[in-house]
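Q: Could you take a close look at the salt bridges here and walk me through who pairs with whom?

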Amino acid sequence: MADKKSTADKARETINERIIDPAKKAGEAMRASGSKIAEGGSTIGARMIDQAEANAREAFAAMRAAAQAKDLSEVMKIQGDFLRDQGTRSMGQAREIGELIMQFGRDAVAPLRSDKE
């Protein structure tokens, strides 16, 4: 009878080591990954709002300047400067958001990869 119990205990240990423990670790990694994804989404959303506010400020500043312009050539210069600056700003903002997305992607999969290494 003692041998049977010993065999049953060994079977339980094997099941714990090969199935239950890895499943628990996978669940913990998934929770950590989900947390990183939520954090990343929130950060990216906030950064996009910051960028939209900056773009709106610049647009209103250009409109004010155009409203105070003395003639059409000055308005055209203001518009041209705004469009050039906005293009540069947009490229920088897109790059920044792209980098944030890539970083949060790496951060989100890191908990899932750490068990495999």
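A: Here's a walk through the salt bridges, starting with a pair between two helices. This is a predicted model, where local features need pLDDT of at least 70 and side-chain atom pairs count only at pLDDT 80 or more, while totals for chains, interfaces and linings use all residues. Residues are numbered from 1 along each chain as its sequence is written, and side-chain values use heavy atoms, with hydrogens and water left out.

A search of the whole structure turns up six salt bridges, meaning a side-chain nitrogen of Lys or Arg within 4 Å of a carboxyl oxygen of Asp or Glu. One of them joins E96 to R47, with the closest N and O atoms 2.6 Å apart. E96 sits in helix α2 (residues 72–114) and R47 in helix α1 (residues 2–67), so this pair ties together parts 49 residues apart in sequence. Helices here are DSSP runs (H or I, at least four residues), numbered from the N terminus. E96 is partly exposed at 26% relative accessibility, and R47 is partly exposed too, at 27%; buried means under 20% relative accessible area, exposed over 50%, and partly exposed in between (1.4 Å probe, protein chains only).

Now for D81. Its salt bridge with K77 has the closest N and O atoms 2.7 Å apart, and both residues lie in helix α2, four residues apart, about one turn of the helix. D81 is partly exposed at 24%, whereas K77 is exposed at 53%. D81 also meets R84 in a salt bridge at 3.2 Å, N to O, again within helix α2 but three residues apart. Put together, K77, D81, R84 and D85 are linked in a network of salt bridges.

Methods. Helices (H or I, at least four residues) and strands (E, at least two) are DSSP runs, numbered from the N terminus.
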